[in-house]
Amino acid sequence: MPYPDTYPAFAEVAADPDGNLWVLDYSRPGDPSRRWTVFSPGGRALGSVETPPDLRVLEIGRDYLLGVGQDELDVEHVKLYRLERLGT
């Protein structure tokens, strides 16, 4: 089956409590990376965050990221990650 000529610009969008917009890059088939680009309320890019390929993000807090991931047996586990903001 041929690959499409174009792909979506993003896969998902979320917001954090500070009003920052988190935009998940669309991953091409076979690319397991999950990179979020974070934008300020004014539209300035603040940086990017890489999450595990199996993580489904449920909530983004000021200093944490909460999600659900699966182990090798496809058992779901709640996962909590600390967010450290550089330069603040």
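Asn-20 sits in the loop between β1 and β2, and it makes a good starting point for a walk through this predicted model. Is Asn-20 buried or exposed? With a relative accessible area of 6%, Asn-20 is buried, because anything under 20% counts as buried. Look at what surrounds it. Setting aside neighbours within four places in sequence, Asn-20 is in contact with Ala-14, Ala-15, Val-38, Phe-39, Ser-40, Pro-41, Leu-46 and Arg-85.

One of those contacts, Phe-39, deserves a visit of its own. Phe-39 belongs to strand β3. In sequence, Phe-39 and Asn-20 are 19 residues apart, yet their C-alpha atoms are 5.5 Å apart in space. Phe-39 has a relative accessibility of 25%, so it counts as partly exposed. Apart from neighbours within four places in sequence, Phe-39 is in contact with Asn-20, Leu-21, Val-23, Arg-44, Ala-45 and Leu-46.

Now step back to the whole chain. How many helices and strands does the protein chain have? There are 0 helices and 7 strands, so if you read the elements from the N terminus on, you get β-β-β-β-β-β-β. The C-alpha trace spans about 45 × 35 × 20 Å along its principal axes. Of the 88 residues in the protein chain, 23% count as buried. The accessible surface comes to about 6,400 Å², and 54% of it belongs to carbon and sulfur atoms. As for contacts with a separation of 6 or more, 17% of them are between residues 24 or more positions apart.

Let us return to β3 and see which strand it pairs with. β3 and strand β4 (residues 45–51) run antiparallel and are paired over 6 bridges. The two strands form a hairpin with 5 residues between them, and in this hairpin Gly-43 takes a positive phi near 95°.

Thr-37 is a handy residue for following this pairing. Thr-37 lies in strand β3, and standing opposite it in β4 is Ser-48. Thr-37 is buried, with a relative accessible area of 14%. Not counting residues up to four places away in sequence, Thr-37 touches Leu-21, Trp-22, Val-23, Asp-25, Gly-47 and Ser-48.

Further along the chain there is another hairpin to find. Strand β5 (residues 56–60) and strand β6 (residues 64–70) run antiparallel and are joined by 4 bridges. Between β5 and β6 there are 3 residues in the hairpin. Which residue in β6 is the bridge partner of Glu-59? The partner is Leu-66.

Next, turn to the aromatic rings. The structure holds 2 aromatic pairs. In one of them, the rings of Tyr-7 and Tyr-26 have their centres 5.9 Å apart and their planes at 35°, so this pair is tilted. This pair links distant parts of the chain, with Tyr-7 in the segment before β1 (10–15) and Tyr-26 in the loop between β2 (21–25) and β3 (34–39), 19 residues apart. How accessible are these two residues? Tyr-7 counts as partly exposed at 22% relative accessibility, and Tyr-26 is partly exposed too, with a relative accessible area of 35%.

The rings of Trp-22 and Trp-36 have their centres 6.3 Å apart and their planes at 65°. Why is this pair called edge-to-face? Planes over 60 degrees apart count as edge-to-face, so an angle of 65° puts the pair in that class. The pair links distant parts of the chain, with Trp-22 in strand β2 and Trp-36 in strand β3, 14 residues apart. Both Trp-22 and Trp-36 are buried.

Our last stop is on the surface. Which residues make the nonpolar surface patch of about 250 Å²? They are Phe-10, Val-13 and Leu-21. You have already met Leu-21, as a contact of Thr-37 and of Phe-39. Leu-21 lies in strand β2 and is partly exposed, with a relative accessible area of 37%. Try finding Leu-21 in the structure, and then trace your way back to Asn-20 in the loop between β1 and β2.

Terms used
Residues numbered from 1 in each chain as written. Predicted model: local features only at pLDDT ≥ 70, side-chain atom pairs only at ≥ 80, totals over all residues. Heavy atoms only, no water. Pairing = 2+ DSSP bridges. Phe/Tyr/Trp six-rings, centres within 6.5 Å; stacked < 30°, edge-to-face > 60°. Buried < 20%, exposed > 50% of the residue type's maximum accessible area, 1.4 Å probe, protein only. Contact = heavy atoms within 4.5 Å. Patch = residues over 30% accessible without salt bridge, like charges linked within 9 Å, V, L, I, M, F, W, Y side chains within 5 Å. Areas by Shrake-Rupley, 256 points an atom, 1.4 Å probe, with all protein chains shown as cover. Salt bridge = Lys/Arg side-chain N within 4 Å of Asp/Glu carboxyl O.
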